[in-house]
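Trainee: I have a model open and would like to go through it piece by piece. Can we start with a term and then move to the details?

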Amino acid sequence: MTTRKLIVDVVGAYDLLPKDGVGTSSPYVVADFDGQRRRTQTKFRDLNPTWDETLEFVVTDPASMAAEDLEVEVYNDKKTGNGRKNHFLGRVRIPGSQFVEKGKEALVYFPLERKSLFSAIKGELGLRIYYVDEPIPEPAPPDNAPPPPADTEKQDPPPPPAEPDVVPSANAVPEEALPPQNPVPVDQTTPGEVSPPGPHPQQPPPAPEAPQPVPTTVHMRAARAPMAMNGEFAPKVLRKSSAFPPEKELMPAYDLVEPMLYLFVRIVKARGIAGGAADAHVKIRAGGHCERIGGALTNKAGDVSCQPEWHQVFAFDRDRLDLSGSAGATLEISIWSSAGVFFGGVCFDLSEVPLRIPPDSPLAPQWYRLDGNETVSGDLMLAVWIGTQADDAFPEAWQSDAPFVHHSRSKVYHSPKLWYLRVAIIEAHDLNLSSSPPPKEIRVKIQLGFQSVRSRPGRITHSSILWREDLMLVAGEPLEDSIILLVEDRSSKEASLLGHISIPLTTIEQRIDESRIVPSKWFNLESNGGSDGAGGRIHLRLCLEGGYHVLDEAAHLCSDFRPTAKQLWKPPIGTLELGILGARALLPMKTKGGRKGSTDAYCVAKYGRKWVRTRTITDSFEPRWNEQYTWEVYDPSTVLTLGVFDNWRMFGDSAAEGKPDYRMGKVRIRLSMLESNRVYTNSYPLLVLLRSGVKKMGEIELAVRFCCPSLIDMCAVYGQPLLPRMHYLYPIGVAQQDQLRGAAMKMVAAWFGRSEPPLGPEVVQYMLDTDSHVWSIRRSKANWFRIMNVLTWVVGLARWVEDICRWRNPVTTILVHVLFLVLVWYPELLIPTLLFYVFLMGAWYYRFRPKIPAGMDIRLSQAEAVDPDELDEEFDGVPTSKPPEIVRIRYDRLRTLAARIQTVLGDFATQGERFQALLSWRDPRATRLCIWICLLVAIVLYVVPAKMVAVAGGFYLLRHPMFRDPMPPAFLNFFRRLPSLSERLM
């Protein structure tokens, strides 16, 4: 047996707030975990204290450690100042899901949080948190104990061991110095009793005792309820405490989907079969028309003994069973040999099969006598019950509607943990350079798996070659690969290798934030002959960056923004529940028997690192999955992606035959568009863009619920940065980010390809939108109309102002005059009026809010009436596979489109250059007029009050059309005459 301990290394803090009244503080740290409290020493008058103390906590239930929180608080000691109480300096709360085992810990500086809204807190606290599992030594028996009897049929149970005391660390301080806290009741039950964790009245604090020489801490739990008149036999109220494991708390309730009844048959083993059972198998027949299905569900034992074991569960859809008539209301289970010898069978009446509803325990299998002819003998152990898809045995059961077991079961996948590998190339010494001719271009090439990057040419000096360049690659766990670094001389056409080195990823240090700089190292290069150090030395800085989020999908469709390092994860703000109900009106994807159309559909849903796959329902155009899945949500500005595919891989090695799983449509749902704790049950069309145009493949029915227990935490997330801190301190370029994203996509696809059943690369690429960066005229048009749609409100505002100025609605124009006068005389009302107008507009548009999460939009995607040649160009790969004539036509069309964009960019540049020409004296007369007019206007504004100028300007702008000139105004004519640089272009 082992016991788990949580170790908290309190390193230090910096930039604390002074609270002792003399401009400083005397801080100490108090840590609380699972009712256990520990305290560090007090650092006298130090705003940047360093403790370097270790606090230990005993984890009473390792299974529920993830549900516990570690709360660390910093106080100012009142004994060292003039204060009357221990002032609060900040706190840190770390959920148990972020605890790591020993060897994976790292020093993290957590920003101190407030206790209330009006607390003045600043500074950071450095902690190193991990847990260890230590074996419990068995107590040695006493020397004078009598030996146990040799043969005893009944022995008294040994007394339960006493609970050991928990001893604090050597640096711990007695509890008397802690800040005043509410009294916590102490569990004083005997070792053999279990105290109910229900709510109890507060007990008076115990009488003070004499101080002991060694301070001990008793593990504090909920106090036992006071006994009623019946004593031990009185009922007690229990409540759900943190002792329950988190897996049980997060178990889906299957309340979003429809319950589906299944007939479960668990075949365990057989015994005493006459004639041996070396090749025995089981056949099951349920319902009058299920003989073919029952014959197909065959499980070879492969046991040469007469007691074969199967340990297999079969599931029959009860809706597909024909229970009418005497033959259909029975379940027949028989044992046969491969030669067709009948070993016996068991028959059940389906009307007498019990119903099991979770969370009931599994039904216990029983021995049943085999019936048949006179030569039949033996027993069969099995269990039969009726349950739903929420049954524990359902995911691994052989289902009657899915004969291909390995490729048809529902599974949950987790994408690999990806790191950014930063390689800083500093310099190199003692390279074997040729003297004639001298080298001009020396580069460093880095290879990691299929990834390859090359540095810029180094600057050659008399003693070394300098690069000072950072290169980044993507590394995935388990870190079993090695990076290969090559120093090449590319002065000529053929590159010559100067030296190389291979560095395992396991030897590279991991960094989780920017607080610590990884030291650089010198590495010896191997020459072509293989001798170590003969190729020179190279100076590198290598580290695995855990503070970044490795993007494996498009940034605008990302489902997770958490960094790689688990220590930096914040607690979840809610849960996302998805119920995949079924599909309707699916189109046939394949033919069976040369005539009949068929579809074998399954769904794949992705959110964060968790991917789920439903079971494959064969030969059905309206499959009903009714499966429910749950994810933890850390950011509401994320997207849930769900795709439907037709299964081809279950028929064999179809990938080698060129028949991967066929895509049937995709749905994206943004979580920020969902209201909290509301169930959305909708049907979404499945649309696929083909070379011939958009095609509807059917509809999918989904039920989605986003549960957020705290509205304050949800609103606080909107004010936090979207990406982790490292993305803003050390940003990655756009081109480099696209390259890293492509590498991450390939690594995820390769990872899922090694699963069973595998997720094909076509499925992963479709879910991750690998073709989102491919050139497409259709997408370019869609983005252009999106920009125009964004600018619509600006155009509408300009038209409204023009209508006001033209007096098309005199009543509105007069009201605008009055409002303008009020704002001019009371300018302090301008900003409140604008904000109140925004509030009214938002309240007005509440009537037109979207009622359901939107799916794919054909009109927005410009896929309604797209040209077939444009679609063919969009599906064409790089390099192109089309003949030269088609490529020439597409190139000419692209040149025409680029010419229009070129003209628009030139017009923008012309307007900007005219503004610059006002003071550049390229047109001397225009510049003189501009500066003299500016001087005159400045003098007038100095003399005339600002309110009068504003009123005059506003009334001039809003003057009646009878006082307007239809020709352009003078200032616009003056601006259009200013020169630009367009006449200098060749």
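Mentor: Start with pairing: two strands pair if DSSP finds at least two bridges between them. Keep in mind that this is a predicted model.

Trainee: Fine. Which residue is the bridge partner of T330 in β13?

Mentor: The bridge partner of T330 in β13 is D349. Strand β12, residues 330-336, is joined to β13 by 7 bridges, and the two run antiparallel.

Trainee: What is the strand order of the open sheet that holds β12 and β13?

Mentor: The order is β10-β12-β13, an open sheet of 3 strands with antiparallel pairing. β10 (281-286) and β13 (342-349) are at the edges with a single partner strand each, so one side of each has no neighbour in the sheet. On average, neighbouring strands of this sheet are turned by 15 degrees against each other, direction ignored.

Trainee: Now the whole protein. How many helices and strands does it have?

Mentor: The protein has 16 helices and 37 strands. It has 986 residues, of which 40% count as buried.

Trainee: And what share of the contacts with a separation of 6 or more is between residues 24 or more positions apart?

Mentor: That share is 70%.

Trainee: Back to sheets. What is the order of the open sheet with 4 strands?

Mentor: That one runs β3-β2-β5-β6, again as an open sheet, and its pairing is antiparallel. Its edges are β3 (36-39) and β6 (87-95); each has a single partner strand, so one side of each is left without a neighbour in the sheet. The twist from one strand to the next averages 20 degrees.

Trainee: How many bridges are there between β2 and β5?

Mentor: There are 7 bridges between β2 (residues 27-33) and β5 (residues 69-76), in the antiparallel sense. Within that pair, D32 stands opposite E71 in β5.

Trainee: What holds such strands together, in general?

Mentor: Strands of a sheet pair through backbone hydrogen bonds, and the pairing is either parallel or antiparallel.

Trainee: Next, β18. Is it mostly covered or uncovered?

Mentor: Strand β18, residues 418-429, is mostly covered, with 12 of its 12 residues buried. It is joined by 11 bridges to strand β22, residues 464-476, and the two run antiparallel. For one register point, A428 has I465 in β22 as its bridge partner.

Trainee: What comes after β22? Where does P478 lie?

Mentor: P478 is in the loop between β22 and β23 (482-489). The peptide bond from E477 to P478 is cis, with omega near 0 degrees.

Trainee: Which residues does the cis peptide bond before P757 join?

Mentor: It joins E756 and P757, with omega about 0 degrees. P757 sits in the loop between α6 (734-753) and α7 (761-768).

Trainee: Which residues does K411 touch, leaving out those up to four places away in sequence?

Mentor: K411 touches E396, W611, V612, R613, E756 and P757. Two of those, E756 and P757, are the residues joined by the cis bond just mentioned. K411 itself lies in strand β17, residues 411-414. Its side chain makes a polar contact with the side chain of E396 at 3.1 Å.

Trainee: On to helices. At what angle do α10 and α15 pack?

Mentor: Helix α10 (residues 810-825) and helix α15 (residues 946-957) pack at about 160 degrees, with their axes 10 Å apart. Angles over 145 degrees count as roughly antiparallel, and α10 and α15 are therefore roughly antiparallel to each other.

Trainee: Is the crossing right-handed or left-handed?

Mentor: α10 passes α15 in a right-handed crossing. On the α10 side the residues are H817, F820, L821, V824 and W825; they meet K947, A950, V951, G954 and F955 in α15.

Trainee: Last topic, backbone angles. What is phi for H311?

Mentor: H311 has a positive phi of about 55 degrees, although it is not a glycine. It is found in strand β11, residues 309-317. H311 has 52% relative accessibility, so it counts as exposed.

Trainee: And what is phi of D619?

Mentor: Phi of D619 is near 50 degrees, also a positive value in a residue other than glycine. D619 is in the loop between β32 (610-613) and β33 (624-633).

Trainee: Why does D619 count as partly exposed?

Mentor: Because its relative accessibility is 33%, and partly exposed covers the range between under 20% and over 50%.

Methods. Residues numbered from 1 in each chain as written. Predicted model: local features only at pLDDT ≥ 70, side-chain atom pairs only at ≥ 80, totals over all residues. Heavy atoms only, no water. Buried < 20%, exposed > 50% of the residue type's maximum accessible area, 1.4 Å probe, protein only. Polar contact = N/O pair within 3.5 Å; in protein donor to acceptor, adjacent residues only side chain to side chain. Contact = heavy atoms within 4.5 Å. Axes fitted to C-alpha atoms, helices over the stretch in contact; angles between N-to-C directions. Parallel < 35°, antiparallel > 145°, perpendicular 65-115°, else oblique. Left-handed = near helix turned anticlockwise from the far one by under 90°.
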